[in-house]
Every structure is written in C-alpha cells, then in structure tokens.
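Here's a protein model to explore together. Have a look at the picture first, then read on for a guided tour of its sheets, helices and pockets.

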Amino acid sequence: MTTTIPKAVSEKVGRNLHNQENHPIKIVKDRIFSFFKDCGGFRFPERLDPIVEVENNFDKLLIPSNHVSRSPSDTYYVSQDMSRVLRTHMTAEMVPLVTSGNYNYITCGDVYRKDAIDSTHYPVFHQIEGFMSQGNPSHGDISVEESLRIHLHGLIKHLFGDTVKYRFMEEKDHPECSFPFTYNSLEVEVTLTLPDGTEKAIEVLGAGTVQPRIMEACGLSGKSAWAFGMGLERLAMLFYGIPDIRLFWSTDHRFLSQFKEGDFSSKFQPFSSLPACYKDVAFWLGDKGKFTYNDFCNIIKEECEEDIVEEVILKDTFTNGKTGKVSECYRIVYRHPSRTLSNEEINTVQDNIRNRLEKELDVTLR
Ligand code: PHE
C-alpha cells in the first residue's frame, strides 16, 4: 500500500482550472452552469479541497467494500490509516453539501483517479455534479424521474445544439449503466459527426434518483432527489478539437491564448508536433498476480518530473506453453507537449522505471 502521490499529481491540487479565466475547462463549466442558472432554484457552492473522507467518497454512497474503485490501484489514499482519499468523483461532496443546507445545487471540482496513460486519460480531471430535491419549485407536480429527464434533455441541447443525436441508456435496458448511489439510473450517450465525417458515440454523463438511505443520511428522509455527474475534459476536447488531455495543464501562452470566455467556435491550433520517442519494456509476470497496469502507470508518473509520457500501450502478450508464465510487452511513448526531450533524460527515466518494476511489481524483465 502506498500513500505517496506522484509530484505531477500533487502539484495539480489547488490549480482549480475550472476557476481560471479563459481556460477551456472554465468556459465549458460556465456554459453548463448558465443552463442551470436559467432554470432557477439552484445554488452553486464549491468545495475546493479535493481531500475527502473515505466515508463521503465511498461508504455513505453505498459503494460496496469490495468495489474496484476502492482499490489502492485505482484511488489515491492520502493517509496511512486509509481514512482519506483524493476524491474520485464529485458525488463525494453530496452528503456534506446537502447536510449543510444545499438542497438544490450544481457544483464543480477536480477529481483524481489512477488510470491509464493516453491522450484521453489523466489522473486529475474535472466534474460537474448536480443535485435537485423534491420541493424545488421547478419540479412542479412532476416526478423526480421526469424532472431529471427534462433537465437532461435541455442540457444536452444547450451544449450540442437542437439537432444533436443522443440517447438515454436506462439502467433497466443497460444494466451496466448503474451506480450504487442511485436507482432508475441512466447514462446519456451523444453521437457526434467528426470533421472527417465519421461518427463517434461518447458517454457524457451518469445520473439517477438518489437512494433513500442516502437521503436519510442527509436528513431528508421521505424526500426524493435526482443527481447527475459529468466530466469536463472530454467535452472540452471535443468542442475545441484539443488532441491531448495533458494540454489543459499547460501554462504555455501558445495554448492559453487560444480560448476566450463565451467563444465555442474556435478550433485549437496545434503549436507543437515534436517527434515522439518510443521505448519498449518486456517482462514475465510473477505468480503472485501483483502486477497491474494502473500501478505500472503510477510508477511511470512518479518517475517523471513532468508529463513527458504520452501513452503506455500493451503491444504484445503471450503465455509460455511449458512454464505457463505470461509475458507482456509495453510501449512507453515519450513526448513533451512543448519542448524537445533529450535522450539522456528519457534513458534515465526508463532505467528507473525498469528497476522499480522488478522491485515493486514482481515481474522479471526480459
Ligand atoms: N459519480 C458518477 C461518476 O463519477 C456520476 C454520477 C453522479 C452518477 C451522480 C449518478 C449520479 O461516474
């Protein structure tokens, strides 16, 4: 068990891109907030400290004790006693927000997950979460379920235009679209036509009716509420054609100067296409089943002072017929978003990664 957090991750705490003027994440957030401002009846509280109690991130949300998201390979635990984590979703703020009197809110914040390294995954990203309880005048006489769907239809059209192609994937037809903290859950899938004419379906949000036990824990027994949560990075990448999620963290003016509050029509102009450098690493997995891809990625993040790894791809895997041992080969793609990397720099990092792999993840390098 490790409670050390890679520097590249810990230094993101407090950056609050969602509150940085003219940052694409803030622009997308404002656009979503403006929809709910027009609806009326919502507050917009923000809890900026991403370190939260495990109770609020998991237990009180009825996330089972054996749920994968609780594993230290998925979640950054920040205290030795495992009682606190970097929040993995904004739902972690539901119980604190509601118990402190916010019965109808839209909130936004940074969330943290150990994950793959590629152009659309980053250990820190931003989510908007909404919560609305019965009693808000804009529910009127309709059920919470109906209210949720009306708000979501409106939000999707507000974001993507009236002619957007999308569907609600209801839990009853798609059992995978469920969350422990809601029932009658659903995911919204939007299908977009890319500039090259191909279609791409993306899941943009999860939602549902909040479980009665959580309402009880919030002091709202007998009432019902809906909630939804959505990530901002993927939306911003789509709207602006931003190719690499790491760019959001750039302080380079060539990136930041390209976005203006309220402007959605501009397309991102790439300013660097530096060559990538590939390094492969192959190894036999040990018998203890200790190796996980996420832990491997986390070691890479810890060994890189900056975001110099663009992608980690499984190239090849096979089982030795005689010994039953499994071999895996990964390609690590090195490329800094805006400066050239030296061979020396890459080799040092690569050597450190190789050493730690053998020591910590029970593999034998080949
Ligand atoms: N917390 C969920 C996620 O991160 C999203 C969600 C929020 C789903 C609220 C339902 C209700 O994926």
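Two strands count as paired if DSSP finds at least two bridges between them. Helices (H or I, at least four residues) and strands (E, at least two) are DSSP runs, numbered from the N terminus. In general, strands of a sheet pair through backbone hydrogen bonds, either parallel or antiparallel.

A word on where this comes from: it is a predicted model, in which local features need pLDDT of at least 70 and side-chain atom pairs count only at pLDDT 80 or more, while totals for chains, interfaces and linings use all residues. Residues are numbered from 1 along each chain as its sequence is written, and side-chain values use heavy atoms, with hydrogens and water left out.

**The four-stranded sheet**

Let's start with strand β9 (residues 277-285) and strand β11 (residues 326-334), which run antiparallel and are joined by eight bridges. Within that pairing, Ala-282 sits opposite Cys-329 in β11. Both strands belong to an open sheet of four strands, in the order β10-β11-β9-β12, with antiparallel pairing. At its edges you'll find β10 (309-319) and β12 (363-365), each of which pairs on one side only. On average, neighbouring strands here are turned by 30° against each other, direction ignored. For angles like this, axes are lines fitted to C-alpha atoms (for helices, over the stretch in contact), and angles run from 0 to 180 degrees between N-to-C directions.

Two helices pack on this sheet. Contact, by the way, means heavy atoms within 4.5 Å. Helix α9 (residues 293-303) touches β9, β10 and β11, and its direction makes about 140° with that of β10. Helix α10 (residues 343-360) touches β9, β11 and β12, and its direction makes about 10° with that of β9.

**The six-stranded sheet**

Now for the other sheet. Six strands form an open sheet in the order β3-β4-β8-β7-β6-β5, with antiparallel pairing. The edge strands β3 and β5 (165-170) each have a single partner strand, so one side of each is left without a neighbour in the sheet. Neighbouring strands of this sheet are turned by 20° against each other on average, direction ignored.

At one edge, β3 (residues 104-112) and β4 (residues 124-133) pair over nine bridges, and Cys-108 has Ile-128 in β4 as its bridge partner. Is β3 buried or exposed? Buried means under 20% relative accessible area, exposed over 50%, and partly exposed in between (1.4 Å probe, protein chains only). Nine of the nine residues of β3 are buried, so this strand is largely enclosed by the rest of the structure.

At the other edge, β5 and β6 pair over six bridges, with Leu-186 in β6 as the bridge partner of Glu-170. Thr-191 is also in β6 (residues 182-193), and it is buried, with a relative accessible area of 18%. Thr-191 and Lys-165 are 26 residues apart in sequence, yet 5.4 Å apart in space, C-alpha to C-alpha.

Helices lie across this sheet too. α2 crosses β3, β4 and β8, running at about 160° to β3. α7 lies across β4, β6, β7 and β8, at about 145° to β7. Six of the eight residues of α7 are buried, so this helix is largely enclosed by the rest of the structure. What covers its buried residues includes α2 (24-39), β4, α5, β7 and β8. Just after α7, Gly-241 takes a positive phi of about 65°.

**Two pockets**

On a 1 Å grid over the protein atoms alone, a pocket is an open set of points with protein on both sides within 12 Å along at least five of seven lines, and lining residues have an atom within 4 Å of a point. Grid points are joined across faces, edges and corners, and a volume is the space filled by probe spheres set on the points.

| Pocket | Volume | Lining | Largest share of lining |
|---|---|---|---|
| Largest | about 1,200 Å³ | 43 residues | β7, seven residues |
| Second largest | about 510 Å³ | 18 residues | α7, four residues |

Nearest the centre of the largest pocket lie Arg-113, Phe-125, Gln-127, Phe-179 and Arg-234. In the second largest, that place goes to Leu-192, Leu-194, Met-237, Leu-238 and Phe-239.

Definitions and conventions. On a 1 Å grid over the protein atoms alone, a cavity is a set of points where a 1.4 Å probe fits but cannot get out, and a pocket is an open set with protein on both sides within 12 Å along at least five of seven lines; lining residues have an atom within 4 Å of a point.
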